[in-house]
Amino acid sequence: MGQTSDAGHTVYTFCRICEARCGLAVSVANGEVVQIAPDKQNPHSWRDFCAKGREAGRLLRHDRRILSPMRRVGDRYVEATWDEAIADISLRLRRVLDEYGPDAIGAYWGNPNGWAESNHLARDAFLDAIGTTQRYNSASLDNNSALYVCNEMYGTSRLFLIPDVDRARCMLLVGTNPAVSAFNWACSVPGGWSRVRAAQADGADLIVVDPRRTKTAAAADTHVVVRPGQDWAFLLGLVKVVVSEGMFDVTDSDDAEGFAEIVQLAADADLQHLSAVCDVPVDTIEDVARRFAGSPTGFCFTATGVAHHTTGTVAEWLGHVLNVITGRLDRPGGRYQQRSFVDPAPFQARLKRAPKRPSRVRGLPPLNGTHSMAEIAGEISTPGPGQLRAMIIHAGNPVNTGPSGADLDRSLEQLDLLVAVDFLQRESHRHADWLIPAPHWLERDDLLLSFAASSDEPFVQYGPSAVPPPPGVRPEWQFFIDLGLAMKVPLFGRRGANTVIRLSRGVARLTGLRSLAFHPRWYTRLLLRAGRTLSWNDIVSRPHGYVWAERRYGVLRDHLAARGRRIVLAPPPLMSRTRELLAQPLPSAPVEFPFVLINKREKNLMNSWLSDIDGLHRRPGGEVEMNPVDAAELDVADGDLVRVTSSSGAISMPVSVTDAVARRVVTIGHGWGSRVFDPYGRERPVVVGSDRNLLVSNVDLDPLSQIPALNSTHVNVTKVQADVG
């Protein structure tokens with residue numbers, strides 16, 4: 001911490017909005033954040049500093065912030081004490097638990113939780129204490145496909161296969177736009193887009209596959225315009241060319257198995273058919289395959305644009321297969337696993353009792369410990385044993401972020417108890433019985449052990465809070481621990497845990513030493529000691545963070561848990577799903593829904609949050625992008641209002657005519673349309689834009705990842721006629 005003036009000081013911490021985790025210098029005066037700037041003394045992670053981090057302090061002073069527990073009384077909320085909140089919520093949850101069983105209680109958490117390990121630990125401790133399998137999170141909206149593929153190929157989902165942008169001579173980017181979103185998706189490459197451009201200027205080949213001409217695609221050496229949802233066919237075409245022309249660099253060996261099955265799959269696939277499926281010419285597929293395989297180094301990188309399809313898991317897998325068979329995995333210039341100073345997986349396995357049973361209504365298996373959020377509405381509305389009757393929504397807004405939000409909203413109203421733990425009362429919280437205030441990340445300490453190996457070099461930083469939370473706001477982890485103690489359920493699913501926590505609090509009160517009371521930091525210290533690489537003092541004594549070791553390649557095998565530490569190239573579920581796709585007829589749009597809806601990244605949004613920060617967005621609310629030929633056929637021009645309709649819903653938005661999208665493709669950005677309520681009921685809700693996810697079905701899912709078709713929903717577009725007279 002360094003002095004900036006007599007009246008203030010600077011706190012060095014990091015941003016908790018996205019994977020970049022930019023180093024910040026936060027100026028504080030009189031207990032308030034007055035400025036946020038990049039910490040240029042940070043040796044690693046400040047280079048993606050953006051307006052999202054710069055303006056983060058605005059939320060601390062939001063005029064609708066929840067500042068104490070609030071209980072619904074009629075159509076409004078009244079402030080309550082924490083003791084009243086814990087007593088009432090625990091009593092009502094206990095009644096549900098005793099009468100209907102553990103699966104009558106559920107929880108959903110959103111992606112702001114990704115950067116708060118103390119909250120993860122305590123929430124899982126509480127859910128394990130209850131014994132519920134009704135657990136849902138935002139991974140089923142974006143990265144379940146990557147988690148699924150890593151589990152099948154490498155035996156663990158805890159892999160961060162980082163693209164080596166500085167050493168790659170060919171970069172194949174599929175469904176990602178790092179020029180806008182930075183080069184981060186479950187990993188961190190600070191300043192990644194600038195580094196890509198520098199490599200490109202030095203002769204590296206940049207190939208971008210995207211149905212939209214994004215800022216990234218516009219800068220590419222080659223932009224491949226692919227049919228939305230059919231990336232898998234393009235990638236399988238690349239694999240076929242690589243195999244048939246002998247450009248591979250792996251066979252069945254001590255490191256990998258299943259190459260023979262990949263060869264057979266490639267032989268059975270017809271390149272002309274794949275070309276027709278993805279709408280990319282055969283000569284383009286062959287050209288890209290030869291450039292990629294012929295380059296001395298390179299990588300294929302797939303991201304959210306690929307995941308948001310019902311075929312996304314197959315496409316994600318084929319991207320990995322392409323990297324493996326061309327010798328681009330765990331080598332310089334490819335994708336590699338970084339070293340970690342700690343391995344939380346064994347301890348998490350002991351503490352966390354993740355659900356393993358299929359879901360009650362649809363019979364879908366859990367993935368990485370949670371079910372698909374597309375199932376929540378049905379689990380609430382379908383009677384029978386295990387019907388959801390009480391739910392906690394933690395730092396999430398599933399009505400806005402997920403599919404068929406109107407269905408979910410109607411279902412949430414049916415619950416016996418809905419508790420929202422968040423900063424503001426958003427769309428998903430409008431039926432809440434209790435609003436529980438949450439601290440902002442600027443009011444919270446964090447050390448991200450689960451992401452210890454996600455940066456492109458061995459880097460660690462402790463993020464202290466910049467300011468304390470308001471007096472009526474407590475850490476979220478404490479809420480979950482207090483709830484478990486009040487319900488008298490065994491936290492962590494372990495007998496004796498409650499006694500230890502109560503005793504530690506008693507000792508802290510008697511001695512006046514607050515540090516003796518249970519805190520999730522105990523878990524952090526335990527992991528650090530087990531890791532035997534860095535100590536707590538090593539980390540906290542370096543306020544700007546530090547690179548603790550040299551980058552090293554060739555450590556992936558140490559992380560593998562599949563079939564004797566071998567990569568499984570051809571997992572049966574993925575092979576079967578691919579053959580199923582190959583047998584399907586060529587894709588075509590329904591007559592009544594002739595357009596395909598795709599997504600786009602907005603620089604100053606993070607998925608569905610930050611749309612509520614005043615002044616952060618130049619054109620808030622979103623728009624429908626449409627090709628000029630399609631617009632002319634509909635007689636619409638820039639700014640005209642259009643109605644977009646699908647089999648699941650309809651919204652109205654202004655149109656933007658652009659040749660950046662192909663014909664019969666429309667683009668609407670994700671993240672708008674959620675209301676922010678005044679919990680006191682004095683003012684009307686504030687809403688900006690329309691929620692495009694109302695158009696997305698909660699039934700049409702990727703059968704493997706269970707991700708909905710957020711990026712390939714068929715829609716119709718009609719002009720909204722102006723009133724006359």
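A cavity is a set of grid points where a 1.4 Å probe fits but cannot get out, and its lining residues have an atom within 4 Å of a point. The views below show a predicted model.

**Figure 1. Close-up of the largest cavity in the predicted model.** The volume of this cavity is about 150 Å³. Its lining comprises 15 residues, and those nearest its centre are Arg-21, Leu-448, Phe-459, Val-460 and Gln-461. Sorted by class, the lining of the largest cavity consists of nine nonpolar, five polar and one charged residues.

**Figure 2. Close-up of the second largest cavity.** The structure holds two cavities of 30 Å³ or more, and the second largest has a volume of about 40 Å³. Met-373, Ala-374, Ile-376, Ala-377, Pro-403, Ser-404, Leu-408 and Asn-698 line the second largest cavity. This lining has six nonpolar and two polar residues, with no charged residues.

**Figure 3. Packing of helix 4 against helix 13.** Helix 4 spans residues 144-154 and helix 13 spans residues 312-325; their axes lie 9 Å apart and form an angle of about 50°. Angles from 35 to 65 degrees count as oblique, and helix 4 and helix 13 are therefore oblique to each other. Their crossing is right-handed.

**Figure 4. Residues in the contact of helix 4 with helix 13.** Helix 4 contributes Ser-145, Ala-146, Tyr-148, Val-149, Cys-150, Met-153 and Tyr-154. In helix 13, these residues meet Gly-312, Thr-313, Glu-316, Trp-317, His-320 and Val-324. By class, the contact has eight nonpolar, four polar and one charged residues.

Notes
Residues numbered from 1 in each chain as written. Predicted model: local features only at pLDDT ≥ 70, side-chain atom pairs only at ≥ 80, totals over all residues. Heavy atoms only, no water. Axes fitted to C-alpha atoms, helices over the stretch in contact; angles between N-to-C directions. Helix = DSSP H or I, 4+ residues; strand = E, 2+ residues; numbered from the N terminus. Parallel < 35°, antiparallel > 145°, perpendicular 65-115°, else oblique. Left-handed = near helix turned anticlockwise from the far one by under 90°. Contact = heavy atoms within 4.5 Å. Nonpolar A, V, L, I, M, F, W, Y, C, P; charged D, E, K, R; others polar. 1 Å grid on protein atoms, 1.4 Å probe; cavity = no way out; pocket = protein on both sides within 12 Å on 5 of 7 lines; lining within 4 Å. Points joined across faces, edges and corners; volume = space filled by probe spheres on them.
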